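Welcome! Here is a short tour for anyone meeting this structure for the first time. Take a look at the model below, and then we will walk through it together.

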Amino acid sequence: MTRAVILGTGSCLPERILTNAELEQMVDTSDSWILSRTGISERRIAGPGEHIHKVAAQAARRALAAAQLTPADVDLLVLATVSPHMLMPSTACFVQAELKAFNAFAYDISAACAGFTYGIDLASKYICAQPDMKVLVIGAENLSTRMNWQDRNTCVLFGDGAGAAVLGNAAEGEERGIFGAKLQSDGRLWNLLYTEGPPSMNKDLQLPDWKGPYIQMNGSELFKNAVRLMEGAVKELLAQHHLDIADIDLMIPHQANIRIVNNLKERLGVSADKVFTNLNRYGNTSSASIPIALDEANREGRIRPGDLVLLCTFGAGLTWGALLLRW
Ligand code: ACO
C-alpha cells in the first residue's frame, strides 16, 4: 500500500528576539498582560537579510539533510505563507532558486495558520498518486512585515520563522506515514482575521474602508471558534480511524495562544505530557508554527518511532483541521 511518510524535518528562526519587556516600550501593554492572556514571552523578528525565502530555504536544507536527500531530489516544493516575499512570483519559486532545486515545480498555498497541514495533506495525495515523488512542504512567515506596530491587539501575538518537512513513499511493509486528515474551511468568517494588502490601483474596485496592509483581528471570536472547530475536527478524524484520544502519543497544536491550547486539551481529555508547545519562545508564527514545533519535538526526542502524532490547526479563512501520522 502506498503511504506518504515524513523523511526529515527542519526549521529556522531569525536571530533577533523581541521580548515582552521591549514591547512595553512600543505600545501600552505589559509583560504580565501578554503572558497571562497568551503564554508568550518572546518572539523572533527578521532582521537584515533574513527575507522569508532565505529563512525558508535554510529550514528546507535542514529537512533535506535530515532525510539524507539533496535539493536535486525534490520533485515538488509547496510553500504555505500569508506573508509572501512578493505578490508575484510565489515565495516557493524564490526558495527553489535559493536551494537550486531545479528538478522541482514550485508553488505557494494560502491557508493561513492551517497552511502547513493543508500542504502535508496535498503532498500525501501527490505521493499516493506518484509514489516516486519527493515533496518538500514548507511553512514560512515574516509576519513582522504585515504588523501594525502601534496596534497592541495584534503586535504582541505574532512572530517570524520557518519550518519544513520532506515527504516520500513509505517502504514496503512500513506502518508509519500519514494516516488521514480532516480539513475544513468557512469563508463566511473571513473577517475575523484578515490582511487587505496594498490598495487597489483600479479605483472601481478599491475597498471602501481600506485599513492598510496590516493584520486585522477579532481576538475573542477567533478564540471561541478555534477551540470549538479544532475539537470537532479532531473528534471526527479519530472516529473515522476508530481511534480514541488515549491512542495519541503526541499532540502538536497550532501555537497561537496557550489558553486556546489548554482549552482544547481539556475538552479532548489529553494529558499535559502529550501536548507539545513552544509558543512561549516564538509567539504565533502562523503557517510556520506546526512545522517548527514538529521539528523541535523530533529533535528533542519527544517523538519516537511508531508514535501516533496528531496535528491540529486553525487560522484565517477560517481554515482548520486535524491530521494523523504514525512516526
Ligand atoms: N496589552 C494590554 N491590553 C490589551 C492588549 C495588550 N497587548 N491587547 C488588547 N488589550 C486590551 C483590549 O484593548 C481590551 O481592552 P478593553 O476591554 O478596554 O477594550 C482588553 O485588553 C481585552 O481583554 P480580554 O477580553 O481579557 O482579552 P482576551 O482574554 O480576549 O485576550 C487575546 C485577547 C489574547 C487576543 C485573545 O482573545 C486571543 O488570544 N484570541 C485568539 C487570537 C489569536 O490567537 N489570533 C491569532 C490568529 S488566529 C490563530 O492563529 C488561531
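Five strands form an open sheet in this predicted model. Their order is β1-β7-β6-β4-β5, and the pairing is mixed. At the edges stand β1 (4–12) and β5 (105–109); each has a single partner strand, so one side of each is left without a neighbour in the sheet. On average, neighbouring strands of this sheet are turned by 20° against each other, with direction ignored.

Let us follow β1 to its partner. Strand β7 (residues 160–169) pairs with β1 in the antiparallel sense, and eight bridges link the two. You can pick out one of the paired positions by eye: Cys12 has Ala162 of β7 as its bridge partner.

Helices lie across this sheet too. Helix α4 (residues 91–99) lies across β4 (76–80), β5 and β6 (135–142), and its direction is about 130° to β4. Helix α10 (residues 289–299) lies across β1, β6 and β7, running at about 100° to β1.

Just before we leave the helices, have a look at the loop between α9 (279–282) and α10, where Asn284 is found. Is Asn284 buried or exposed? With a relative accessibility of 7%, Asn284 counts as buried, because buried means under 20% relative accessible area. Leaving aside neighbours within four places in sequence, the residues in contact with Asn284 include Ile40, Cys113, Leu143, Leu157, Phe158 and Gly159. His254, Gln255 and Ala256 are also among the contacts of Asn284. Leu238, in turn, is 46 residues from Asn284 in sequence, and the two are 26 Å apart in space, C-alpha to C-alpha.

Cys113, one of those contacts of Asn284, brings us to the cysteines. How many disulfides does a search of the whole structure find? The answer is zero. A disulfide is a covalent bond between the sulfur atoms of two cysteines. The table shows two cysteines, each with its closest cysteine sulfur and its relative accessibility.

| Cysteine | Closest cysteine sulfur | Sulfur distance | Relative accessibility |
|---|---|---|---|
| Cys113 | in Cys312 | 13 Å | 6% |
| Cys155 | in Cys113 | 17 Å | 1% |

Why does Cys113 form no such bond? Its sulfur is 13 Å from the closest cysteine sulfur, which is too far for a bond, because a disulfide needs two sulfur atoms within 2.5 Å. The sulfur of Cys155 is likewise too far from its closest cysteine sulfur, at 17 Å. Cys113 is buried, and Cys155 counts as buried as well.

Methods:
Residues numbered from 1 in each chain as written. Predicted model: local features only at pLDDT ≥ 70, side-chain atom pairs only at ≥ 80, totals over all residues. Heavy atoms only, no water. Buried < 20%, exposed > 50% of the residue type's maximum accessible area, 1.4 Å probe, protein only. Pairing = 2+ DSSP bridges. Helix = DSSP H or I, 4+ residues; strand = E, 2+ residues; numbered from the N terminus. Axes fitted to C-alpha atoms, helices over the stretch in contact; angles between N-to-C directions. Contact = heavy atoms within 4.5 Å.
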